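Please examine the sequence and the three-dimensional structure shown here before reading the report.

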Amino acid sequence: MIFLLTNINLAGEWKLQLDGRKEGLSLPFIDSMDLPGTTSHARKGPKNVSALVESLTDEYLFEGYAWFSREIDIPMELVEKNCFLYLERTRMTRVWINDVQIGSSHSLNAPHLYDLTGHLSCGSQTLTICVNNTDYPTKGGHMTSPDTQTNWNGITGRMELQFFSESYLSGIQIYPNISARSIEVIADMMGEVKGKLFVSASSLNSANKHDVAEQVYDMLDSKVSITYDMGPAAMLWSEAEPNLYQLKVVLQGESGEVLDRQEITFGLREFKAEGDKFTINEEKTFLRGKHDGLIFPLTGFAPTDLEDWISVLSIAKSYGINHYRFHTCCPPEAAFTAADMLGIYMEPELPFWGTITEASDEGHNPAEQEYLIQEGYAILKAFGNHPSFVMMSLGNELWGSRSTIDAILKAYKSFDNRRLYTQGSNNHQFIPEILEHDDFFCGVRFSKERLIRGSYAMCDAPLGNVQTLVPNTLWDYDEMISPANLEVSNIESNEAGDTIQIQYGTEAKDVKVDDIKEEWIPEIPVISHEIGQYATFPNFDEIQKYTGSLKAKNFEIFRERLEEKGMGHLAAKFFECSGQLAVACYKEELEAAFRSKKLAGFQLLDLQDFSGQGTALVGMLDAFMDSKGLIEPDEWRTFCNDAVLMARFSSYNCVAEEQFHAHVELSWFRNDPPEQLDLKWELAYESEVWSDGSVTVTVPSKSNYLDLCDLNISLPRVNKMCKVNLNLSIVGTDVRKTYPLWIYPKQVDVDFSDIHHFDSLTSQALSLLEAGENVLLMPKPEHLSNAIEGYYCTDFWCYPMFRSISESMNRPVPVGTMGLVIAKDHPVFANFPSDEFSTYPWWNIVSNAKSIIMDGVSKDWSPIVQSIDNFERNHKLGLLFECRVGKGKLLISAIDAEKVCEVPEGRQFLSSIITYMKSNDFNPQYVCDPAELLQLIR
């Protein structure tokens, strides 16, 4: 907004006094710092000697009262004007002019506005602000969390004195009507006036310029409500075409004098829930969302500059993201403005992660509840004109009174109907229910077994399809969303007044269970909540990037732990290989969402790393929104975009001369689909195309899911294992997809008869080794104690957090591994060619094996195939390794050979092992004595 009179910018040097004990201001001031800013970023206060493991460390953490003061000079002509102190973003504040306290404000999400009218005199006077970042009315979610933007103290963004005439417009809100191509402008008239309001608008960022004619309205009431006709040429705002307008409002008195002039940016749009989908301006859209906790490691607080948010949101959009869900937080104005410009659908959330209670409930906190409700209104008033602000949530994973939650929803919808509302994100976890005033549902399941995402923590088991199913591309969530046959859920407890134990934040909690006994089918759009959470190993090169107020001491501790275990030299391999597995898991997860015709969208957790809650490195981007180098944006968009091409088939592992069957389909949420599409496909081995073809498909009008064709490809005869690519593309577009497939020779023999093969380390095996024989040791996985269970998928979120939660809930702890590091050039793989990281030929092998714990053995004894352990435990884990014992040579792998032999990739692997052991290439270098070996194989 641009105000008629003037603003006095308060940015600059302020006197400072830190008051950690909250004893009160003691003059004189002894320090100073520049505002806007935070005490931490300004390096004020004692240096923090702690080194946090579970999150980044705020190097100059200060909690308490921070007193700021400066002299302001008020010109005579402004003394009698209406004046407000505007603080864009801060904590809890109190304000004084000279020695007179003006008031206090506690909003964490919206600007603090103080009416200074009548308190100012001509000349210099003292403005004092006390900022308190303790004892909040509520915990504050990610607005104050050390896991995200930290519990900073200070003031960020615009700081100014705003001066108005004796009459002006306050709280202008713009309500678009796309069918009439008009807007309703609502405001409060402050002061007395009988005059006219002049309203005009011009397009702001569109290729086609559109100036709307000025219209004049008589002002006769303190409540302003006018309809401004934009005309048939008015352009709409959406993800695809984020057309913005600037509205100019000029208030004139009866004598023609200008009393107020304001400019507001807005967009004409209508975001609705229709059936199981969202629509933007009557066109269906699919939400490709990410979670955001306002993580900015260089500052420890969210930026308020437009350029910063354009940069952040542009990066996300380059990865196909069109939606942001802000976890228990609300971003500053600049974030909404950037989203307006780029076409991003925004969903702020109340800063709450807890239980909504009724007055009669034990522990009811009416002050906290009322504070949260008022925060919601403050968010709606402050940011409601932004077209990008399309949704709002009451908090994260709430429990408690459904009737109270619904009453809050009802009140918000009555107050502002420009956006859609939900009771919260993943409320009542195992026993969710859609409330009367929910516009959409966001969760991870409809009951214990009806899952709508691909991965879960062990404490929230059952696990998801990406974690448990043999890799395929058949899975979708339609049957989970709308099952053909409903059965009552087998939740542990489901009686009114009973309690169940749940994962709550970073701990366990007992909560009451409402009397929900029937399964249900949603009739509103469903968003899959916090999908993904596939962990990667830390990249220790990232440590040097933390040059601001936050330090990655957790990374330093993780690096020291790894080095103490003698594996520091493997850190880069662990990072790269775990990262490539995470990419594949995300691809599986996202494609399952795009295949689901009854799903309305998803919210990733996350495209970027999460700095806290144990340190959850789950992103393709690091915490700075910089690429980790794991996948390029254009490749990511092949499975996360407004058009996604997919093939459904049962297995990535195939046998030569068989028929490969795949059903090809397309998820299409782009504007104006063509009348026909040309699909091209090919099966390629390296640079050679083995078979190819094309199909022309007629596109029905308004179609979002297209069944393109069925492929039936005769696989060639091969005499060796081959990795091929199934390439799909829509001619003339950027829409493409590549699937790796592995083809195995038709007849692969696994014959252990002519090698010495043992399933336990017997005296006979040791004797053979002493005599110089070659021995294959394949201990039965179920008989090993010094070993970690085989688990193909990478760890969920991060091991230390969910290990602790599982232990507190007396549930199984996570396996905690993060994929494989494979010495792919080792001769044992002559007949089983592999990448350096986990790929689908390894799924059955790993799932039917254990990795032996090799802690304490020499650094020189490197497994051929090593499972990557998490950064808390750092076991050296051998899935396949070899050594010399006496005069003999030994190859060890704790694999259930009988089960592995049931699949072609397993037979190929075992055959390659046997061939290797019979060759001259079998030549282990590390020498192990029998006592050391017996200590390992327990």
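The sections below describe selected strands, helices, cores and loops of this predicted model.

## The hairpin of β13 and β14

Strand β13 covers residues 168-177 and is joined to β14 by eight bridges, with the two strands running antiparallel. Strands of a sheet pair through backbone hydrogen bonds, in either a parallel or an antiparallel manner. One pair of residues illustrates the arrangement: I174 stands opposite V185 in β14. Four residues lie between the strands of this hairpin, and R181 takes a positive phi near 50° there.

Residue A187 belongs to β14, which spans residues 182-190. Is A187 buried or exposed? Its relative accessibility is 4%, so A187 counts as buried, the limit being under 20%. Although A187 and L169 are 18 residues apart along the chain, their C-alpha atoms are separated by 6.2 Å. Neighbours within four places in sequence aside, A187 is in contact with L169, S170, G171 and I172, and also with S222, K223 and V224.

## A sheet of five strands

Further along the chain, another group of strands may be considered. Five strands form an open sheet in the order β37-β43-β42-β39-β40, and the pairing is mixed. Its edge strands are β37 (653-655) and β40 (688-698), each of which pairs on one side only. From one strand to the next, the twist averages 25°.

Within this sheet, how many bridges join β39 to β42? There are six bridges between β39 (residues 676-685) and β42 (residues 722-730), and these two strands run antiparallel. As an example of a bridged pair, A684 has N725 in β42 as its partner.

## The nonpolar cores

The largest nonpolar core contains 200 residues, of which W309, W636 and W842 touch the most other members. Helix α8 (residues 571-595) gives the most to this core, contributing 13 residues. Apart from the largest core lies another one of 30 residues, which includes I178, L197, M230 and L251.

The surroundings of one of the three tryptophans can be followed in detail. Leaving aside neighbours within four places in sequence, W636 is in contact with Y319, Y586, L590, L604, L607, M620 and I631.

## Two packed helices

Helix α1 (residues 306-318) packs against helix α2 (residues 333-342) at an angle of about 50°, and their axes are 8 Å apart. An angle of this kind makes α1 oblique to α2, because it falls outside the ranges for roughly parallel, roughly antiparallel and roughly perpendicular. The crossing of α1 and α2 is right-handed.

Which residues make the contact between the two helices? On the side of α1 they are L306, W309, I310, L313, S314 and K317. On the side of α2 they are A334, A335, T337, A338, A339, M341 and L342. Residue W309 thus appears in this contact and is also named among the residues that touch the most other members of the largest core.

## Residues in loops

Several loop residues also deserve attention. S611 is placed in the loop between β35 (601-605) and α9 (633-636). With a relative accessibility of 6%, S611 counts as buried. Neighbours within four places in sequence aside, the contacts of S611 are E54, S55, L56, D147, I295, N554 and A623.

Two further residues have a positive phi without being glycine. N98 has a phi of about 55° and is found in the loop between β8 (92-97) and β9 (100-105). T150 has a phi near 75° and is located in the loop between β11 (123-132) and β12 (154-164). Are these residues buried or partly exposed? N98 is partly exposed, with a relative accessible area of 36%, whereas T150, at 6% relative accessibility, counts as buried.

## Cis peptide bonds

Where are cis peptide bonds found before a proline? One is the bond from L35 to P36, with omega near 0°. P36 lies in the loop between β3 (31-35) and β4 (37-38).

Another cis peptide bond runs from A461 to P462, and its omega is near 15°. The loop that holds P462 lies between β30 (441-443) and α5 (465-468).

Key:
Residues numbered from 1 in each chain as written. Predicted model: local features only at pLDDT ≥ 70, side-chain atom pairs only at ≥ 80, totals over all residues. Heavy atoms only, no water. Buried < 20%, exposed > 50% of the residue type's maximum accessible area, 1.4 Å probe, protein only. Contact = heavy atoms within 4.5 Å. Pairing = 2+ DSSP bridges. Axes fitted to C-alpha atoms, helices over the stretch in contact; angles between N-to-C directions. Core = buried A, V, L, I, M, F, W, Y, C linked by side-chain atoms within 4.5 Å. Parallel < 35°, antiparallel > 145°, perpendicular 65-115°, else oblique. Left-handed = near helix turned anticlockwise from the far one by under 90°.
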